[in-house]
Amino acid sequence: MAYTQADADRLRSAIAKGVASAELNGEKLTFRSLADMRATLAMIEAELAGAAGGAARVSYPRTTRGL
């Protein structure tokens, strides 16, 4: 499921207001606890950070014994 920055902002706003439900990605979600909401926010932020991360880093081994 692809989340947007707007979804993260909506969830952050719901946490700040103290409500137990939010609409994310066109779907209304009801959370059981604040911990669930924070876990979902962390997951969304990690997904957004991964999407903005760009190319993966490549490293090459250096040896001195002819490998």
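Mentor: Let's pin down one term before we dig in: buried means under 20% relative accessible area, exposed means over 50%, and partly exposed sits in between, with a 1.4 Å probe and protein chains only. This is a predicted model, so local features need pLDDT of at least 70 and side-chain atom pairs count only at pLDDT 80 or more, while totals for chains, interfaces and linings use all residues. Residues are numbered from 1 along each chain as its sequence is written, and side-chain values use heavy atoms, leaving out hydrogens and water.

Trainee: Okay, the layout. In what order do the elements of the protein chain run from the N terminus on?

Mentor: Helices (H or I, at least four residues) and strands (E, at least two) are DSSP runs, numbered from the N terminus. The protein chain has two helices and two strands. Starting at the N terminus, they come as α-β-β-α.

Trainee: Now the inside. How many residues make up the largest nonpolar core?

Mentor: A nonpolar core is a set of buried Ala, Val, Leu, Ile, Met, Phe, Trp, Tyr and Cys residues joined through side-chain atoms within 4.5 Å. Here the largest one includes Y3, L11, L24, F31 and L48, and its full count is 12 residues.

Trainee: And which elements give two or more residues to this core?

Mentor: Start from the members: A8 and M37 are among them. The elements that give two or more residues are helix 1 (5-17), strand 1 (21-24) and helix 2 (34-52).

Trainee: Let's zoom in on D7. Is D7 buried or exposed?

Mentor: D7 has its place in helix 1. Its relative accessible area is 3%, so D7 counts as buried.

Trainee: Which residue does D7 meet in a salt bridge?

Mentor: A salt bridge is a side-chain nitrogen of Lys or Arg within 4 Å of a carboxyl oxygen of Asp or Glu. The partner of D7 is three residues away in helix 1, which puts the pair about one helical turn apart. That partner is partly exposed, with a relative accessible area of 42%. At 2.7 Å, N to O, the side chain of D7 meets R10.

Trainee: Leaving aside neighbours within four places in sequence, what is D7 in contact with?

Mentor: Contact means heavy atoms within 4.5 Å. With those neighbours set aside, D7 is in contact with A2, L24 and N25.

Trainee: L24 again! Which residue stands opposite L24 in strand 2?

Mentor: Two strands pair if DSSP finds at least two bridges between them. Strand 1 and strand 2 (residues 27-30) run antiparallel, with four bridges joining them. In strand 2, the residue opposite L24 is E27.

Trainee: What about the hairpin of strand 1 and strand 2: which residue takes a positive phi?

Mentor: That hairpin has two residues between the strands. The positive phi, near 55 degrees, belongs to N25.

Trainee: Back to charges. How many residues apart in sequence are the parts that E45 and R12 tie together?

Mentor: E45 and R12 form a salt bridge, with the closest N and O atoms 2.5 Å apart. E45 lies in helix 2 and R12 in helix 1, so the pair ties together parts whose separation in sequence is 33 residues.

Trainee: Which residues are linked with D9 in a network of salt bridges?

Mentor: By the rule above, the count comes to four salt bridges. One of the network members is partly exposed, E45 at 33% relative accessible area. The residues linked with D9 are R12 and E45.

Trainee: One more bridge: is R32 buried or exposed?

Mentor: R32 forms a salt bridge with D36, the closest N and O atoms being 3.6 Å apart. D36 is partly exposed, at 27% relative accessible area. R32 has a relative accessible area of 78%, so R32 is exposed.

Trainee: Then there's T40. How far apart in space are T40 and A8, C-alpha to C-alpha?

Mentor: T40 lies in helix 2, and at 16% relative accessibility T40 counts as buried. Not counting residues up to four places away in sequence, T40 touches L11, L24 and F31. T40 and A8 are 32 residues apart in sequence, and their C-alpha separation is 9.1 Å.

Trainee: Last one, whole-chain numbers. What percentage of the 67 residues in the protein chain is buried?

Mentor: Among contacts between residues at least 6 apart in sequence, 39% join residues at least 24 apart. As for the 67 residues of the protein chain, the buried share is 21%.
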